[in-house]
Amino acid sequence: MNTNRIRLGTSALFAMASFSLVIAGFTDTMEGTEDEREVDWKACQRRHAHASSQVERVRAAYRACATDSDCVIVDTSTYCGGTCGEVIHRAGVQQMRRVISHLNATVCRENWRMGCPYGTPACLASRAVCARGECTSEAAATSPGSALPADEPGALPTCPAAH
């Protein structure tokens, strides 16, 4: 249980750090003109945090497992920001897709419309496993000279491409 809290806490920390770096980089490259609208950074962060909490709610509901084959990595990137995906029980894949679709049509669509920055963290190759009854990820083995996992079922070589 503590391992999952640490993993979630670390993932959330990396996601927020990545989002902050994107905002910092975005503001450094902007040239102020009278025609540009002002971006409400706090509103961007609030919508991004809301989207992340909805994804976490689904992940928490579908984390229990019995075997590695119960677990899959599902794309959780939204118009609010890219992710490295989440590991959940395969029974929750459709629910996660519905939540992502809803977020993209509502909260994150507004983020996009308002000109909020979009970022995707750097991701390591990983695979879905069941550890102590909960779906989680572990580093995937890679073949020499390749960034792609070596015949690992459920492996995710990189983060989903940004839109």
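What follows is a chat about a predicted model of one protein chain.

Reader: Hi! Can we start with the overview: how many helices and strands does the chain have?

Author: Happy to! There are 4 helices and 5 strands. Going along the sequence, they come in the pattern α-α-β-β-α-α-β-β-β.

Reader: And what share of the residues counts as buried?

Author: Of the 163 residues, 34% count as buried. Among contacts between residues at least 6 apart in sequence, 69% join residues at least 24 apart.

Reader: Cool. I keep looking at Arg47. Where is that?

Author: Arg47 sits in helix α2, which covers residues 41-61.

Reader: Which side chain of opposite charge is nearest to Arg47?

Author: That would be Glu110, 5.0 Å away. Arg47 is buried and has no salt bridge. The cut-off for a salt bridge is 4 Å between a side-chain nitrogen of Lys or Arg and a carboxyl oxygen of Asp or Glu.

Reader: What does the Arg47 side chain make a polar contact with, then?

Author: With the side chain of Asn111, at 2.7 Å. If you set aside neighbours within four places in sequence, Arg47 is in contact with several residues, including Cys80, Val107 and Met114. Cys116 is another of its contacts.

Reader: Cys116, is there a disulfide there? How many disulfides are there, and which residue does Cys116 pair with?

Author: The structure has 5 disulfides. In one of them Cys116 is joined to Cys44, with the sulfur atoms 1.8 Å apart. This pair links distant parts of the chain, 72 residues apart: Cys44 is in helix α2, and Cys116 is in the loop between α4 and β3.

Reader: Are those two cysteines buried or exposed? And is the link left-handed or right-handed?

Author: Cys44 and Cys116 are both buried. Their link is left-handed, with -85 degrees about the S-S bond.

Reader: OK, another one. What does Cys65 join to?

Author: A disulfide connects Cys65 to Cys130, with 2.0 Å from S to S. Cys65 is in the loop between α2 and β1 while Cys130 is in strand β3, so the pair ties together parts 65 residues apart in sequence. The torsion about this S-S bond is about 95 degrees, so the disulfide is right-handed.

Reader: Why does Cys130 count as buried?

Author: Its relative accessibility is 18%, and buried means under 20%. Its partner Cys65 is buried too, at 13%.

Reader: What does Cys130 stand opposite in β4?

Author: Cys135. That cysteine has its own disulfide, to Cys71, with 2.1 Å from S to S. Cys71 is in strand β1 and Cys135 in strand β4, 64 residues apart. The torsion there is about -80 degrees, so the disulfide is left-handed. Cys71 is buried at 4% relative accessible area, and Cys135 is buried at 1%.

Reader: So how many bridges join β3 to β4?

Author: There are 6, and the two strands run antiparallel. β3 is mostly covered, with 5 of its 6 residues buried. Their hairpin has 2 residues between the strands, and Arg132 takes a positive phi there, near 50 degrees.

Reader: Changing topic: how many salt bridges are there in total?

Author: There are 5. One is between Glu56 and Arg59, whose closest N and O atoms are 2.8 Å apart. Both residues are in helix α2, 3 residues apart, or about one turn of the helix.

Reader: Which other residue does Arg59 meet in a salt bridge?

Author: Glu86, at 3.9 Å from N to O. Arg59 is in helix α2 and Glu86 in strand β2, so the pair ties together parts that are 27 residues apart in sequence. Both Arg59 and Glu86 are buried, with Arg59 at 3% relative accessible area.

Reader: Back to Glu110. Which residue does it meet in a salt bridge?

Author: Arg113, at 2.8 Å from N to O. They are 3 residues apart in helix α4, about one helical turn. Glu110 counts as partly exposed at 27% relative accessibility, and Arg113 is partly exposed at 49%.

Reader: Last one: where is Tyr79?

Author: Tyr79 is in the loop between β1 and β2. Its C-alpha atom is 9.0 Å from that of Glu110, which is 31 residues away along the chain. Tyr79 counts as partly exposed, at 36% relative accessibility.

Reader: Thanks, that helps!

Terms used:
Residues are numbered from 1 along each chain as its sequence is written. This is a predicted model: local features need pLDDT of at least 70, side-chain atom pairs count only at pLDDT 80 or more; totals for chains, interfaces and linings use all residues. Side-chain values use heavy atoms; hydrogens and water are left out. Buried means under 20% relative accessible area, exposed over 50%, partly exposed in between (1.4 Å probe, protein chains only). Lys and Arg count as positive and Asp and Glu as negative; His and the chain ends are not counted. A polar contact is a pair of N or O atoms within 3.5 Å; within protein, one must be able to donate a hydrogen and the other to accept it, and residues adjacent in sequence count only if both atoms are side-chain atoms. Contact means heavy atoms within 4.5 Å. A disulfide is a pair of cysteine sulfur atoms within 2.5 Å. Two strands pair if DSSP finds at least two bridges between them.
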